[in-house]
Amino acid sequence: MKGKFVTHEQVFTWMERERGLVVITERAQKKYHHLLPSHLITVKTAKELFFSPWEAVYRYTLQGKTWVIEEKVEHSSFPSFLVLLPCEAKAILEVTDVNFMTEDTPDLGYARRRRGVTLIIVGCERIEQTCFCSLVGCSPFWRHRESVFLFPWKGHFYLEDGEEKLSLSPFEDPQKAQAVETFFAETICTLPLPLPANFPEKLYAHFDDPLWQKMAWHCVNCGACTYLCPTCYCFDLSVDGKLRGLTLHTWDSCMFPKFTLHASSHNPRPTGKERVRQRVMHKFSYFPLRNKYYGCVGCGVCREICPVNWDIKEVVEGMVRQVER
Amino acid sequence: MYERALTELASKILGEVEGIIGYAPGSLPFHMRPFLCQREEDIACLSFNHFARPNLARYLLTLEMRKKRVAIVVKGCDARTVIVLLKEGQVKRENLYLIGAPCHGMVSVSKLEERFGVLSPPDFVWEADTFTWRGERFAIRDFLEDSCERCAYPNPPWYDALLGEELPKPPVLPGGRDYLGRIKALPLEKRWEFFAQEMEKCIRCYACRNSCPLCYCTECFVDQTRPSWLSQAATRNENLFFHLGRSLHMAGRCTECGACERACPLGIPIGLLPLYVEELIREHFAFEAGMNLDTPAPLLTYRENDPNEFIR
Ligand code: SF4
Ligand code: SF4
Ligand code: SF4
Ligand code: SF4
Ligand code: SF4
């Protein structure tokens, strides 16, 4: 699709006007604070808007001899637009949506919040040291037909908004639009190549590779990476209260021993090795084998925040070499 | 820093010990990572500098390490942590060889970024107490991690071998730089406001607890279900309950290494709570955790003839 152009002012004013309806991720805010309004509501991760760190699913009470169960539906107003980076958008569209909005058993809370929110993807002018999106099918200019795409270009914003969700009255400039396309294509050619096509299958076969032990060694299983990862979607259900209370839906992580602890006290993932392997396998093998996309979007957040510099990119590249041997 | 001393020592003791837990350059600039040196050819990887942040004592607790005789590189706070682990019977003296590294303080990446924007490694030249950035000189002490800013013990109180020479005891910090002091100086309602705000942010990922080398319980109180002490909902009050609970479990044990707050992905200065508890312990028991093997730890010691009746 050929894009159009809008001025910085137009975008800025539009966001100012729709302020109550626009939410921006902290990473997008950090990157584009000089072009976008500074007081938009920010979220640490995009996923938390739809997949809450904790939420009550049911309220239950024992009345006489019967349990009364009500579904808990929140009625708070919800944003209409979410401004985010390409990798963050891919994580929503091709990972968490795929997981939670299945046809047979959708997650009702997620679907309720997710519906009606338009993603405004702002492409990346600068690639950070921790980014590796091009390895996993994403790119600094990753777009999606149902979402709006913006990219700062020579004093303007390049805009793709086929469905005119933003009502911005952009102007056309086919020559300039062509230049943007060429720039995208040329830049993508300079980025590191994607992982080998059959990597998920090959990795699957290396479940018992002794290399896992070595690679997992220095991860302390703190779980910070999975909580901030835009694609990690694991959750736990717990009850809070005896005769009356709430059924809670809270974030969880495969980094924790309790994640797989059986009632019998057997734990199939007893040490860091099994847990780290699960994190890598889930993202780079199980998820893509089932859903065709990688379960990692290469955003590099986990690389940046890990307190001990455990580096998923390095590990995946190490596994690529290992499976090719 | 200390590379020569480190490699010389490592070549001498490898064999006597099954491995050396130390630091090696990380995959990103301004990061060092924990490294297990087990073979001759690994020795060259061992190094130490202002980015050797992780407290390696954590690694002594893995099953694999508990069975081995290992050497471990320790800064002041890390050595104190090892001493606490020894006192609590988590590790065995005969299985350990402590390589002390007098510490000039660990540099915080976020503080560098605050001052210099996007960081480029070639812009920096590092020395022990200063560094230059594009030729301009700065003092390391202005860019230290919060926990290092107030550190009183850069030298390991106990070691089998020391890299370099002991450093002079750091000067008492002038009022403003000590971050616990800053919070304590606030009036009560401001303090509450500060903590309420921070607790609001916490997502209860438990990264603080999980990276703490002294939070080694097989089942933490927050994970217990019979009874269940707190709700899994990450609300302000429940979060505060978790953190206060954890601080109390740290009383007289926390060595102020800052591992918890460096792990927090939301940048919550969660170390403040255990730090404050340690201050109370100093005040009431004249005790500091991990300074030696002999002084009994105040809250872990029971005596039949305790002068206080309530405890007997
Ligand atoms: S990879 Fe890093 S952030 Fe993730 S659990 Fe391990 S130590 Fe924590
Ligand atoms: S780079 Fe890390 S944080 Fe980002 S999607 Fe991949 S695993 Fe998650
Ligand atoms: S990597 Fe772990 S926490 Fe993340 S989605 Fe997969 S299993 Fe869940
Ligand atoms: S917070 Fe307390 S119960 Fe939990 S691991 Fe730490 S010391 Fe143990
Ligand atoms: S690491 Fe930070 S966000 Fe996570 S539980 Fe601790 S204080 Fe809360």
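**Strand pairing and helix packing in chains A and B**

In this predicted model, L84(A) finds its bridge partner in β7(A), and that partner is I121(A). The pairing belongs to a parallel arrangement: β6(A), residues 81-84, and β7(A), residues 118-122, are joined by four bridges. Another residue of β7(A), L119(A), has L82(A) standing opposite.

Then there is the matter of what surrounds β7(A). Five of the five residues in this strand are buried, so β7(A) is largely enclosed by the rest of the structure. Both of its faces are covered: T118(A), I120(A) and V122(A) are buried on one side, while L119(A) and I121(A) are buried on the other. So I121(A), the bridge partner of L84(A), turns up again here among the buried residues. β7(A) also pairs with β8(A), again in the parallel sense, this time over three bridges. Here V122(A) sits opposite L150(A) of β8(A).

Zooming out, these strands are part of an open sheet of seven strands in chain A, running in the order β1-β9-β8-β7-β6-β2-β3 with mixed pairing. At the edges stand β1(A), residues 4-7, and β3(A), residues 41-43; each has a single partner strand, so one side of each is left without a neighbour in the sheet. Ignoring direction, neighbouring strands of the sheet are turned against each other by 30° on average.

Helices lie across this sheet. One of them is α3(A), residues 86-100, which lies across β2(A) (22-25), β6(A) and β7(A) and runs at about 150° to β7(A). Another is α5(A), residues 174-190, which lies across β1(A), β8(A) (148-153) and β9(A) (156-160); its angle to β8(A) is about 95°.

Further along chain A comes a hairpin. Strands β10(A), residues 235-240, and β11(A), residues 244-251, run antiparallel and are joined by six bridges. F235(A) stands opposite W251(A) of β11(A). Three residues lie between the two strands of the hairpin, and G241(A) takes a positive phi there, near 120°.

Helix α9(A) covers residues 272-291, which makes 20 residues, and spans 27 Å from its first C-alpha to its last, close to the 28 Å expected at 1.5 Å a residue. Even so, α9(A) bends by about 55° at H282(A). The helix is mostly covered, with 16 of its 20 residues buried. Just after α9(A) comes K292(A), and its phi is positive, near 65°.

Over in chain B, helix α1(B), residues 3-13, has four names on its buried list: L6(B), L9(B), A10(B) and I13(B). Looking down the axis of α1(B), these buried residues fall within an arc of 105°, so they line one face of the helix. R4(B) and K12(B), on the other side of α1(B), are exposed. What does the buried set of α1(B) pack against? The contacts are with β1(B) (19-25), β3(B) (70-74), β4(B) (96-100) and β8(B) (161-162). After α1(B) comes G15(B), which has a positive phi near 115°.

Conventions:
Residues are numbered from 1 along each chain as its sequence is written. Chains are lettered from A and ligands numbered from 1 in the order in which they are written. This is a predicted model: local features need pLDDT of at least 70, side-chain atom pairs count only at pLDDT 80 or more; totals for chains, interfaces and linings use all residues. Side-chain values use heavy atoms; hydrogens and water are left out. The expected span of a helix is 1.5 Å times one less than its number of residues. The bend at a residue is the angle between axes fitted to the seven residues ending there and the seven starting there. Buried means under 20% relative accessible area, exposed over 50%, partly exposed in between (1.4 Å probe, protein chains only). Two strands pair if DSSP finds at least two bridges between them. Axes are lines fitted to C-alpha atoms, for helices over the stretch in contact, and angles run from 0 to 180 degrees between N-to-C directions. Contact means heavy atoms within 4.5 Å. The arc is that of the directions from the helix axis to the C-beta atoms.
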